[in-house]
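Q: I'm new to this structure and would like a close look at a single part of it. Could you walk me through how one helix packs against its partners, and then show me where that fits in the whole?

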Amino acid sequence: MNRLSFFSRLFSVGATLCGLLLMTACNRNPDNAGPDDDTSTTGRINISVDETFAPILKSHIDTFQQLYVYAHVTAAYKPEDYVAQDILTDKVRAVVLARQLNDNEKSVLEKQKLIPRTTHIATDGLAIILHPSNPDSLLTMAQLSAIFSGQQADWKQVSGKSKLGPIDVVFDANRSSTTRYVQDSITRGAPLSKRVFAAKSNPALLDYVATHPNAIGIVGANWISDRDDAAVQRFLKRVRIASISSEANPKSVDDYYQPFQAYLALKKYPLRREVYIISREGRAGLGTGFASFIAGTKGQLIVLKSGLMPATGQTRIVNTSKK
């Protein structure tokens, strides 16, 4: 055998072995993998998600698993406080929250010698939901504060002609991100109304408002913004979305806005909040891969379609003249 032939065969064998190794890595069955044997696109992972974002995260997970058939993401949808607790106790390796971890939570992870990776993925708008028969669909932030704190406990105090009676304030769940947002950003620390109760889920909240003319509720925009979704279409036939103004004395209807994408982008709609995916992985595992997917082009297109404002990419805003 001449020298050239020997090296040619050696190269051929090496190339074959490399190809086999790559095929094995790409087609690794996650059922046979250990707990730390996942990659950015293969394996199994449990995540916890603020239940406010259930519709959009279900779309992300479905698309991610279609693209990467050996990746399996199992999500638990919970109130915000429980989601934050899950990442601190190593119950999950990634979470989706409407806030970043606070200093106390970061210190818990630091004691575990972990530095969380926080990725901004979207801007959400919180929608104020009313019964279709409610005429008070234009509300200011001051009015919302008075309603949620119980200073205005009857619709007559909001509108002198209203006959709807006492105001029922409905949240999705106890310890939820919407409850925290209302207390932090609307009532500014004032106690909530005595007529507040939790419906236990966002669909239950929407059902309650749809059947109680005196009720007012608050939900994440992705529950009512994707008009191609059959569930959203059903909700919108049964409830009314209020328009909100941050002005103390709005001069016209043009000073009120709904949680549409353009008004989130222009920061016109006042009830906005940022959405993050947070990973505790110290390596490039499946949690990191899923976070990169959501923050990447395909994931941000899903955010765009859902009606939320993507963290990256362009949103087209068309201004039309008013006659």
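A: Let's start where the axes of α11 and helix α12 (residues 297-306) come within 4 Å of each other and cross at roughly 55 degrees. That angle makes α11 oblique to α12. This is a predicted model, so every value here is computed from predicted atoms. On the α11 side, the residues that meet α12 are Phe293, Ile294 and Ala295; on the α12 side they are Thr297, Lys298, Gly299, Gln300 and Ile302. Sorted by character, the residues of this contact divide into four nonpolar, three polar and one charged.

Now turn to another partner of α11. Helix α2 (residues 54-67) and helix α11 (residues 286-295) have axes that come within 11 Å and cross at roughly 110 degrees. Angles of 65 to 115 degrees count as roughly perpendicular, and α2 and α11 are therefore roughly perpendicular to each other. Their crossing is right-handed. From α2, the contact takes in Leu57, His60, Ile61, Thr63, Phe64 and Leu67, while α11 brings Leu286, Gly289, Phe290, Phe293 and Ile294. The residues of this contact of α2 with α11 divide into eight nonpolar, three polar and no charged.

A good residue to click on next is His60, which is found in helix α2. His60 has a relative accessible area of 1%, so it is buried. Leaving out residues up to four places away in sequence, His60 touches Phe290, Phe293 and Ile294, and also Gly299, Ile302 and Val303. Phe293 and Ile294 belong to the α11 side of the contact with α12, and Gly299 and Ile302 to the α12 side.

With that part in view, a few other places are worth a visit. In helix α3 (residues 80-88), the buried residues are Glu80, Val83, Ala84, Asp86, Ile87 and Leu88. The elements that cover them include the strands β1 (43-50), β2 (71-78), β3 (94-97) and β11 (272-279), together with the helices α4 (103-111) and α7 (177-186). After α3 comes Asp90, with a positive phi near 65 degrees.

Helix α5 (residues 141-149) has seven of its nine residues buried, so it is largely enclosed by the rest of the structure. Those buried residues are Met141, Leu144, Ser145, Ala146, Ile147, Phe148 and Ser149. Just after α5, Gly150 takes a positive phi of about 90 degrees.

One more residue to look up is Phe235, placed in helix α9 (residues 230-238). With 12% relative accessibility, Phe235 counts as buried. Setting aside neighbours within four places in sequence, Phe235 is in contact with Pro203, Leu206 and Trp223. Phe235 and Leu206 are 29 residues apart in sequence, yet their C-alpha atoms are 7.0 Å apart in space.

Finally, step back to the whole chain. Its secondary structure comes to twelve helices and twelve strands. Of its 323 residues, 46% count as buried. Among contacts with a separation of 6 or more, 73% join residues 24 or more positions apart. The accessible surface of the chain comes to about 16,900 Å², and 52% of that belongs to carbon and sulfur atoms.

Technical notes. Residues numbered from 1 in each chain as written. Predicted model: local features only at pLDDT ≥ 70, side-chain atom pairs only at ≥ 80, totals over all residues. Heavy atoms only, no water. Axes fitted to C-alpha atoms, helices over the stretch in contact; angles between N-to-C directions. Helix = DSSP H or I, 4+ residues; strand = E, 2+ residues; numbered from the N terminus. Parallel < 35°, antiparallel > 145°, perpendicular 65-115°, else oblique. Left-handed = near helix turned anticlockwise from the far one by under 90°. Contact = heavy atoms within 4.5 Å. Nonpolar A, V, L, I, M, F, W, Y, C, P; charged D, E, K, R; others polar. Buried < 20%, exposed > 50% of the residue type's maximum accessible area, 1.4 Å probe, protein only. Areas by Shrake-Rupley, 256 points an atom, 1.4 Å probe, with all protein chains shown as cover.
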